[in-house]
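Please consider the structure shown below. The paragraphs that follow treat its ligand site, its nonpolar cores and one of its helices in turn.

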Amino acid sequence: MAARSLGYDVHVLDPDPHCPASAIASRTIAARFDDADAATALAERCAVVTLEIEQIGTAALTAVSAIAPLRPGAAAVHIIQDRIRQKRWLSANGFPVGPFRDVASRDESVAAFDALGRSIFKSTSGGYDGRGQVRVDSVDSAAEAWSSLGARPCLVEQFLDIHFEISMLVARRPATPGTGPEMVVFPPARNHHEHGILDWSTIPAAAGAATIRQATEVATGIASTLGIEGLIAVELFVLRDGRLVVNELAPRPHNTFHSTERGCATSQFEQLVRAVCDLPLGSTDVVRPAAIANLLGDMWEAGTPDFAAALCVPAVRLHLYGKTSARPGRKMGHLSAVGATPDEALERVLRARDAMRR
Ligand code: ADP
Ligand code: MG
């Protein structure tokens, strides 16, 4: 939608011919994300190609790169799309991360638990919204976790004592000289998860000046080192002892920055288009504090939610993604609001969401 507003025509590739983006795309190629021929067909008629999901096959990324600029590039996506590779890259490049191990057998799983104690096993790829993760608090459950994740290599992270979660979003462009900054950073978002799924998020996060400075340094360092062209979101944990560690990266628009559509001079979606089309980047100033609350498929179980009730709450907007079936845990849309403070905006989206429940 942001690309359309800027006057671009949009083609999409998605396994589902009725995917949400198909409604505004002038051409939808229904194919798997690892279909190199379909990726070639997409790139042949595009001036630039970007992505909204990092689980795209290497052959498809390479096929696109041979024809059109792929932003972000295949090398960065390759590092990010595998949790083990990503965590190793962060650690090797000196970015702060919590204690972790990668395991490739039942014995290594048990050894990882012995070394790290209470931990989370995460499958290397394909996991999102808390899926593909198992929390482990005993040697027995370590072995079970390994089997339940398919007895395949996985990342084991120590369970961290988190005070609160924030995220950073950096936009970086190919940098045509004389056309403004190469890189801009959005204000940090403060995030709350339930059962591993983002529940709500607000901007700007009141995280303390020193933490924000460090988070900005880490995020811009990651964007530059990876050579990102487009967007990169950096999820961070502020630990109880005050340390800041990187949780994970996403080379695309991020759920925790949907509030930029309401609260910032430039939304993350417009910024993505500007960055990948090598246009001047927009201001990331906060115009008004904002919040979002996610709408999961669970809310549809008792029938279609009462959208009108949500819209009665001042400054609330409804965003539905056009997904045809509601399943528990599936993100169907979100509510957004602005307010005089981030807390007021948050109170509004939470009140609106409660009012929607049947
Ligand atoms: P996803 O790809 O599903 O977002 P994450 O690795 O970001 O997976 O984990 C989802 C959530 O689970 C995090 O936002 C955080 O709340 C919690 N979590 C993840 N890793 C840890 C950890 N090492 N210690 C404590 N909580 C964690
Ligand atoms: Mg995450």
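How many Å separate an oxygen atom of ligand 1 from an N or O atom in the side chain of arginine 83? In this predicted model, the distance between them is 2.9 Å. Two further polar contacts involve the same kind of side-chain atom: a nitrogen atom of ligand 1 lies 3.0 Å from an N or O atom of the glutamate 157 side chain, and an oxygen atom of the ligand lies 2.7 Å from one in the side chain of asparagine 247. The protein covers 93% of the 540 Å² of accessible area that ligand 1 has on its own. Strands S4, S5, S6, S7, S11 and S12 each give two or more residues to the surrounding shell. Of the 20 residues around the ligand, Lys122, Gly130, Gln133, Glu165 and Asn247 come nearest. By character, the shell comprises six nonpolar, six polar and eight charged residues.

The largest nonpolar core has 30 residues, and Ile166, Ile222, Leu226, Ile232, Leu236, Val246 and Leu249 have the most contacts inside it. Helices H4, H5 and H8 and strands S7, S11 and S12 each supply two or more residues to this core, with the largest share, six residues, coming from H8. A second, separate core of 18 residues includes Trp200, Met299, Ala345 and Leu346.

Helix H7 spans residues 139–148, with Ser141, Ala142, Ala143, Ala145 and Trp146 buried. The buried residues of H7 pack against helix H6 and strands S3, S4, S5 and S6. Glycine 150, with a positive phi near 95°, follows the helix.

How values were computed: Residues numbered from 1 in each chain as written. Chains lettered and ligands numbered in written order. Predicted model: local features only at pLDDT ≥ 70, side-chain atom pairs only at ≥ 80, totals over all residues. Heavy atoms only, no water. Buried < 20%, exposed > 50% of the residue type's maximum accessible area, 1.4 Å probe, protein only. Helix = DSSP H or I, 4+ residues; strand = E, 2+ residues; numbered from the N terminus. Contact = heavy atoms within 4.5 Å. Core = buried A, V, L, I, M, F, W, Y, C linked by side-chain atoms within 4.5 Å. Near = heavy atom within 4 Å. Polar contact = N/O pair within 3.5 Å; in protein donor to acceptor, adjacent residues only side chain to side chain. Areas by Shrake-Rupley, 256 points an atom, 1.4 Å probe, with all protein chains shown as cover. Nonpolar A, V, L, I, M, F, W, Y, C, P; charged D, E, K, R; others polar.
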